[in-house]
Amino acid sequence: MIATESLSKRFPTGVPPAKRGGVTALDRLSLDIGPGVTGLVGANGAGKSTMIKILLGLSPATEGRAEVLGLDVATSGTAIRERVGYMPEHDCLPPDVSATEFVVHMARMSGLPPTAARERTADTLRHVGLYEERYRPIGGYSTGMKQRVKLAQALVHDPKLVLLDEPTNGLDPVGRDEMLGLIRRVHTDFGISVLVTSHLLGELERTCDHVVVIDGGRLLRSSSTSDFTQLTATLAVEVTDTDTHPDGTAALRKALTAAGIAIHGAPEGTADGLPGAGHVLLLEATGEETYDIVRDTVADLGLGLVRMEQRRHHIAEVFRPEAAAAQPQEAQAR
Amino acid sequence: MSTPTTRAETQIHNIGYRDYDGPRLGRAYARRSLFSQSLRGAYGLGRSAKSKVLPMILFAVMCIPALVVVAVAVATKVKDLPLDYTRYAIFTQALIGLYLAAQAPQSVSRDLRFKTVPLYFSRPIERVDYVLAKYGAMASALFVLTASPLLILYIGSLLAKMDFAEQTKGFAQGLVSVALLSLLFGGIGLVMAALTPRRGFGVAAVIAALTISYGAVSTLQAIAWSTDSLGAVKWLGLFSPITLIDGVQTAFLGATSSFPGQAGPGAGVGVVYLLVVLALVVGSYAVLMRRYRKVGL
Ligand SMILES: Nc1ncnc2c1ncn2[C@@H]1O[C@H](COP(=O)(O)OP(=O)(O)OP(=O)(O)O)[C@@H](O)[C@H]1O
Ligand SMILES: [Mg+2]
């Protein structure tokens, strides 16, 4: 999807000749990003937006080269931009037109014929969760709705890849989760690969298959999130009690142990500290079949399944400086 | 992830994403789309009802004198129109200026102010396409505004059975003149408007550029004329947009000069007028290209 080779970008400072160098936004960055959802994480000024502009062919690299979808950014900018979607980090929506009008226009700007532009706009706005409000002027939208319109205009021409610059910016926790879920679906349901930036490592852990961390324009780490989570996936299961099984959790625990599933200690889950944690069973998921066994067991016992979710290890832990230092700078995961 | 819960969720959300396999019409089509959207926008079409009011009123007011002239001509069966085709734009210059001041910022300042420009440049189009589409749309909108009354006059003259050859020639000369005017005014208006993302400043800048230059030129011409330096009158006309057009059409398009003492340029000085007009058109384009060099990012 994206490959860069010692990509560098320097901005000249306002101070002329004497001061050499200027700001180095990207410093010999080499990356190889495959299909899927990739997070690009870095603090403010790390060079995330600069990277995206270079990938769109809008800003020439000072050194090195980059390819997007196998096309060179220096020479095939137009072709790249036809197949790639872009959601900027800043506001970019005119307030006096409706979401529909705006997205139709942007679809045509991407080369879709008028009828296709209208059809795909209706579809895309529905997919991002905008319904009746899409006929109202954008000026009256909430931040969350505006972010959805920005995402829709990036997706409307069915690109192969979207570059999302801080899509969770300005959203409250609920809006953030919804946006992240939406981004996940862009890949799983729409089949579009995603490069998403954020300055929060934590929020990308559930969303991304792969995370690239840059700092001061330099590559800090590039690794697959599944490397750390898949091996030791923990499944949290919570069930209701019934008349036959006054303690549903205990009954399930017994049945699952019998089925050969490893249950983590402390069934009364005091470690979790969450409300109702006592009723949460933490078990080791070894693969697809674990989910099926749990589902069938719960059904056989006649219990109600309150929730079943995957608990991942936090990437934040993985990337903790000491953890990073402990592991020798391993080859890039992809 | 493939837990049963997420599978169920997926089903709820999954309202069938469809891939797009149809044609992608590319850069030239995108440029045309931007052109037509901007041209329609210059008359408020495809925008809110409120933004239709001013351009539509100005368009109507622009056409009323032509309708009146035609009505009178048909009723009184005169041999010739009381108003030359080439004179119409000079006569209605305040309306044209007002239209430009309102619509040029609408076309470019909005994109700057709401930062939509970077979004355009994330599409297949390039800077040239954006500038050409915006400039083309503004000039075309002005042409619609200035040529429509001429068309009314022409149709009216034919209805009143005036001399066909003479009227057709006059109409054609009028069209060439307003085409030139549209390019010149469109360029000046967009340059002024693109300097600032603030719409109000854009409006003020366009009005100031047109009225101050015209005011200064006509005052100086009047002084020159009253002090018997008629030679200076035709050179002074080079310094304001509308007098430039007046000069060009006096020299080449059979128009009667509206300068004091009808002291418009002849063919020789007329060439200078034409060159200045062309230089301003090319210059406006160049300034716009420069202006958008940084904005894309
Ligand atoms: N046009 C420019 N001219 C000069 N310096 C620039 C320009 N654009 C970016 N920079 C500098 O390059 C560095 C990287 O900026 P960039 O916008 O890529 O960071 P970012 O990771 O996107 O940050 P943020 O999280 O704040 O969006 C910063 O130091 C910034 O000041
Ligand atoms: Mg940024």
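**Exercise 1. Cysteines**

At 7% relative accessibility, does C63(B) count as buried or exposed? Then find how many disulfides the structure holds.

*Solution.* Start with the cut-off: buried means under 20% relative accessible area. C63(B), at 7%, is therefore buried. Next take C92(A). Its relative accessibility is 0%, so C92(A) is buried too. Now turn to bonding. A disulfide is a covalent bond between the sulfur atoms of two cysteines. This is a predicted model, and over all chains the count of disulfides is 0.

**Exercise 2. The magnesium ion**

Which protein donors does the magnesium ion (ligand 2) have, and which parts of chain A do they tie together?

*Solution.* List the donor atoms. S49(A) gives OG, and E89(A) is listed twice with OE. These donors lie 1.9 to 2.7 Å from the ion. Now place each residue. S49(A) is in helix 1 (residues 48-55) of chain A. E89(A) is in the loop between strand 6 (84-87) and helix 3 (99-109) of chain A. The pair therefore links parts that are 40 residues apart in sequence. Last, check exposure. S49(A) is buried, with a relative accessible area of 14%. E89(A) is partly exposed, at 30%.

**Exercise 3. A patch on chain B**

Which residues make the nonpolar surface patch of about 470 Å²? Where is V53(B) placed?

*Solution.* Name the members: V53(B), I57(B), V61(B), I64(B), V68(B) and V72(B). Together they make a nonpolar surface patch of about 470 Å². Then locate V53(B). This residue sits in helix 3 (residues 50-76) of chain B. Finish with its exposure. V53(B) has 45% relative accessibility, so it counts as partly exposed.

Methods: Residues are numbered from 1 along each chain as its sequence is written. Chains are lettered from A and ligands numbered from 1 in the order in which they are written. This is a predicted model: local features need pLDDT of at least 70, side-chain atom pairs count only at pLDDT 80 or more; totals for chains, interfaces and linings use all residues. Side-chain values use heavy atoms; hydrogens and water are left out. Donors are N, O and S atoms within 2.8 Å of the metal (3.2 Å for Na, K and Ca); water is not among the atoms, so sites may look incomplete. Helices (H or I, at least four residues) and strands (E, at least two) are DSSP runs, numbered from the N terminus. Buried means under 20% relative accessible area, exposed over 50%, partly exposed in between (1.4 Å probe, protein chains only). Patches are made of residues with over 30% relative accessible area and no salt bridge: like charges are joined within 9 Å, nonpolar side chains (Val, Leu, Ile, Met, Phe, Trp, Tyr) within 5 Å. Accessible areas come from the Shrake-Rupley method with a 1.4 Å probe; for residues, only the protein chains shown count as cover. A salt bridge is a side-chain nitrogen of Lys or Arg within 4 Å of a carboxyl oxygen of Asp or Glu. A disulfide is a pair of cysteine sulfur atoms within 2.5 Å.
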